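Here are some exercises with worked solutions. Have a go at each task before you read on.

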Amino acid sequence: MLIITIKQGKEKSILAGDPWIYLSAIDKVDGRPQERNKPGATAVVQSSSRQFLARAAYNAKSQIAARIWTLREDEPIDHALIKRRVQVALGRRLTAWHTADPQALVQLIDGDKDGLPGLLVHGYGGAEGYLVCQFNSGAVDLWRVAIVQALVKATGCGNVFERSDELLRKGEGLPVVWRALAGEEPPQRLMVREGRGLVPTDIRTGFVYPR
């Protein structure tokens with residue numbers, strides 16, 4: 001387990017609910033080198049007086065050096081927590097997705113707002129359609145298997161495609177890969193609802209075709 005010690009006075013933003021810890025706020029990071037070099041590794045965050053502040057995902061390659069998972073000392077960061085957060089996030093939006101136009105691209109998970117830093121998920125076409133995911137931080141990239149399993153189980157949609165943001169991934173020191181994570185990848189061209197009209201779009205890349 002990594003231990004991140006915050007500079008004196010920098011703990012105020014954490015206690016106020018800021019989910020990000022910047023490199024400039026960190027005094028030191030203790031732990032095995034292989035853990036320190038693994039983007040998304042779980043760390044205990046403590047104050048300069050060694051008081052527990054949070055559990056976070058640490059990434060030495062990012063200017064956002066740590067992304068907070070929880071302020072609770074008794075809450076472990078494991079597969080169960082990740083799957084539970086996916087389920088809760090989807091529970092807020094699945095009804096809207098099921099009642100929306102099947103050709104609409106509907107947001108189902110919204111990163112920090114859902115306690116899943118860097119994860120964005122959009123759905124298209126209902127259970128028979130596609131889920132398009134962005135793993136834009138080391139925090140969620142490390143848990144992608146658990147996330148995909150939870151997405152498929154909760155939505156009944158077996159087609160999950162990764163289309164992460166290239167610049168954000170590079171800023172996290174992560175490789176940029178667009179690929180199917182489960183089932184089939186979306187076709188190159190789909191009609192996507194935008195306002196009152198339909199727009200020809202490649203939801204794998206976000207490219208909108210000329211009309």
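**Exercise 1. Find how β2 and β6 pair, and then place β6 in its sheet.**

Step 1. β2 and β6 run antiparallel and share 3 bridges; two strands count as paired if DSSP finds at least two bridges between them. Strands here are DSSP runs (E, at least two residues), helices are H or I runs of at least four, and both are numbered from the N terminus. Y22 has I64 as its bridge partner in β6.

A word on the ground rules: this is a predicted model, where local features need pLDDT of at least 70, side-chain atom pairs count only at pLDDT 80 or more, and totals for chains, interfaces and linings use all residues. Residues are numbered from 1 along each chain as its sequence is written, and side-chain values use heavy atoms, with hydrogens and water left out.

Step 2. Now look at β5: it is joined to β6 by 4 bridges, again antiparallel. A56 is bridged to I68 in β6. The two strands make a hairpin with 5 residues between them.

Step 3. Check how covered β6 is: 7 of its 7 residues are buried, where buried means under 20% relative accessible area, exposed over 50%, and partly exposed in between (1.4 Å probe, protein chains only).

**Exercise 2. Work out the strand order of the open sheet of 6 strands.**

Step 1. Carry on from β5: strand β4 (residues 41–46) pairs with strand β5 (residues 52–58) in the antiparallel sense over 6 bridges. V45 has A54 as its bridge partner in β5.

Step 2. β1 and β4 run parallel, with 4 bridges joining them; L2 is bridged to A43 in β4. Strand β1 (residues 2–6) is mostly covered, with 4 of its 5 residues buried.

Step 3. β1 also pairs with β3, antiparallel, over 4 bridges, and I3 stands opposite D30 in β3.

Step 4. Put it together: the order is β2-β6-β5-β4-β1-β3, with mixed pairing. β2 (20–22) and β3 (26–30) are the edge strands, each pairing on one side only. From one strand to the next, the twist averages 35°.

**Exercise 3. Which strands stand at the edges of the sheet of 5 strands, and which helices pack on it?**

Step 1. Write down the order, β7-β8-β9-β10-β11, an open sheet with mixed pairing. β7 and β11 (179–182) each have a single partner strand, so one side of each is left without a neighbour in the sheet. Neighbouring strands are turned by 30° against each other on average, direction ignored.

Step 2. Zoom in on one pair: β9 and strand β10 (residues 160–162) pair in the parallel sense over 3 bridges, and C133 has E162 as its bridge partner in β10.

Step 3. Add the helices. α3 packs on the sheet, touching β7, β8 and β9, and its direction makes about 160° with that of β7. α5 packs on the sheet too, touching β7, β8, β9, β10 and β11, at about 155° to the direction of β9. Contact means heavy atoms within 4.5 Å; axes are lines fitted to C-alpha atoms, for helices over the stretch in contact, and angles run from 0 to 180 degrees between N-to-C directions.

**Exercise 4. Which residues touch the most other members of the largest nonpolar core?**

Step 1. A nonpolar core is a set of buried Ala, Val, Leu, Ile, Met, Phe, Trp, Tyr and Cys residues joined through side-chain atoms within 4.5 Å. The largest one has 31 residues, and W69, I109, I147 and L151 touch the most other members.

Step 2. Elements that each supply at least two residues include α3 (79–99), β7 (105–110) and α5 (144–155). α3 gives the most, with 7 residues.

Step 3. Follow L151: leaving aside neighbours within four places in sequence, it is in contact with V86, L90, I109, V121, L131, C133 and G156.

Step 4. Turn to L131, which lies in strand β9. L131 is buried, with a relative accessible area of 0%. L131 and L151 are 20 residues apart in sequence and 8.4 Å apart in space, C-alpha to C-alpha.
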